[in-house]
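Q: I have a two-chain model open and would like to learn how to read it. Can we go through it feature by feature?

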Amino acid sequence: MANELLKVEDLKVDYHTYAGIVQAVRGVSFSLEKGKTLAIVGESGCGKSVTARSILKLIHEPGQIDKSSKILFEGKDVNSFSAKELQSYRGGDVSIIFQDAMASLNPTMTVGKQIVENILHHNKMKKTDAKKRAVELLSLVGITDPERRYKQYPHELSGGMRQRVMIAIAFANNPKLLIADEPTTALDVTIQSQIMELLRSLKNEYGSSIILITHDLGVVAGIADEVAVMYAGVIVEHGSAKDIFYNPKHPYTKALHEAVPRVDNKRSDTLVSIAGSPPDLINPNPGCPFSSRCKHCMNICTKEMPPSYSFDKGHEASCWLHALDESEFK
Amino acid sequence: MENEVIFEVRHLKKHFKLERGQVLKAVDDVSFAIRKGETLGLVGESGCGKTTCGRTGIGIYEKTSGEILFKGQDISTFKHQQLKEYKKKVQMIFQDPYASLDPRMTVADIVAEGLDVHKLYKNKAERMSKVYELLKLVDLTSEHAGRFVHEFSGGQRQRIGIARALAVQPEFLVLDEPISALDVSIQAQVVNMLMNLQKEMGLTYLFIAHDMAMVRHISTKVAVMYMGKIVEMAETNELFENPIHPYTKSLLSAIPIPDPLAEEKRRQSQITLEGEVLSPINLGAECSFCRRCPSKAATCQHSVPSLIDIGGGHLVACHNAART
């Protein structure tokens, strides 16, 4: 594909802890085209954040990206980048914003200075020009009175505004890819919708690709072109937003839809809950990770990892149930 | 015939005194009543006073003024034995299942703490059999009784918290964001359990949350709070289908829907608010929402609207609604 921006092949990330080796990500592959938005959905501990950080090589001890894993950004392998290449890659071509903006910003620096820092790191320009650009960025992300805000410290801003500052820093160098790791989870719903609206407009203006990490299917519905559903370190289903919302093929994806009430629905009697809890990733069983909680679990599910079955264009799900469909067709 | 009112607050106020004579009106003139077997959902954004309202309501915080009635009796008149009885009948479940359970106690001791305080057993065997029964009630087993809290997942911990609350056979539970710390697939488990227990044991709930979809699912009646005041209160379906207050309207229109086509429609009709929530310190005599309100009038800046019934028990605090 000519338009391919990012390709992740068989990503494996292990954490070496005292309790044993935690296999946080167990062979994740996907690719992302220019200007598209991919949402990675899953519960806490499913490896979605680790996947996102691996793209920026932000995995620290005791974590380790497996040597055979490939992360290709515009065809270049991120794993083989030198320290200098990584520096211009991070915050230049690819930016990331996190859930907790207060923890990501430096409390001892004014927010303006933090934006200027990122501009000057990647561009040769005068400080005064960088300042001008920083003020521009602040107004671009919808902060009123940007000159005054420029001189303020993170603690003087509200949660929503801090996240806007993070986005301003992330967009300082017109990144080709923005990774947003639960950008609105800590925010109130009215502020969440403002931030998501901002991300949508920036995406359209700059043509950036976005990888959105979240557990909220509502947020996904508003912005994603493609959705990958992760469970216990693997992508169990991947497809266009339409496929995932209207024609889910994996029992876990279906269960996720049924477990959340919709605000536009009348009160119903019971939610369909998913019994049990996600598996331990130190000694995962050899079969399908969802088998212990799955309504349709068969013998083979606990013994062998299901292969990925393809449906419509680009829609894939890893579930043994579809092996039955195939043999029926034959 | 309607059920008896279990819990009622009238003109409840909780003001915190700050330095330099400033006053933070966290809960300001809030009134509501909950009937037996019903659930009142109390919603609002962070800092609107919903948690303080719940805690002041059951007497964890000392109220500034107002009345709190439990089964029609003013709780401030309760003395020793009555007060002890009241504390047995009213229990609370907290948001953070990691912070609200003692890490150095076994599950059995946590669950039995209320039994110990109120001496609800004759001997040790009876104590343990009660504990096992409670654990079974929340889908845990007697095996779990000897373990410590760190061995459990978030959903299991929240269920231990529920077992602890149910140990003393309460009639009224304050659920303060009981599911917001849990994963989606676990939320449904806990909510279903709470709803089943309500049916079986005839419990009454005050459900404090910010997740509007879940509130719609669980509540019979919903109250929306904004800066310490209830701005709208109605039967659940009435509130969600016919919101009157501009704040409720914008709040409801901001909730994303997990369905791309419906979400697209919602975004086009969304009412976006200007600015963010103001500081609730030293509010003047104006409608607390008027600075963000898309349909404000001159009167809004000079007087505080009171909560009035616009028909069918639908209460709204808005000058515009009062006029029409």
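A: Sure, and let's begin with contacts: two residues are in contact if their C-beta atoms, placed from the backbone, lie within 7 Å. Keep in mind that this is a predicted model.

Q: How many residues does each chain bring to the contact?
A: Chain A gives 37 residues and chain B gives 36 residues. On the side of chain A that touches chain B, the elements with two or more residues are helix 8 (189–206), helix 9 (217–223), helix 10 (241–246) and helix 11 (251–259). By character, that side of chain A splits into 16 nonpolar, 14 polar and 7 charged residues.

Q: What does the secondary structure of chain A come to?
A: You'll count 12 helices and 13 strands in chain A. With a radius of gyration of 21 Å, close to the 20 Å that the globule rule gives for 330 residues, chain A is therefore as compact as a globular protein of that length. Buried residues make up 47% of its 330 residues.

Q: In what order do the 8 strands of the open sheet run?
A: Read across chain A, the order is 7-8-9-3-10-11-13-12, with mixed pairing. An edge strand pairs on one side only, and here those are strand 7 (94–97) and strand 12 (308–310) of chain A. Neighbouring strands of this sheet are turned by 20° against each other on average, direction ignored.

Q: In which sense do strand 3 and strand 9 of chain A pair?
A: Strand 3 (residues 37–41) and strand 9 (residues 209–214) of chain A pair in the parallel sense, over 5 bridges. To find your place there, look for V41(A), which stands opposite T214(A) in strand 9 of chain A.

Key: Residues are numbered from 1 along each chain as its sequence is written. Chains are lettered from A and ligands numbered from 1 in the order in which they are written. This is a predicted model: local features need pLDDT of at least 70, side-chain atom pairs count only at pLDDT 80 or more; totals for chains, interfaces and linings use all residues. Helices (H or I, at least four residues) and strands (E, at least two) are DSSP runs, numbered from the N terminus. The radius of gyration is taken over C-alpha atoms; the globule rule is 2.2 Å times the number of residues to the power 0.38. A residue is buried if 20 or more other C-beta atoms lie within 10 Å of its own, exposed if 12 or fewer, and partly exposed in between; C-beta atoms are placed from the backbone. Ala, Val, Leu, Ile, Met, Phe, Trp, Tyr, Cys and Pro count as nonpolar, Asp, Glu, Lys and Arg as charged, and the others, Gly among them, as polar. Two strands pair if DSSP finds at least two bridges between them. Axes are lines fitted to C-alpha atoms, for helices over the stretch in contact, and angles run from 0 to 180 degrees between N-to-C directions.
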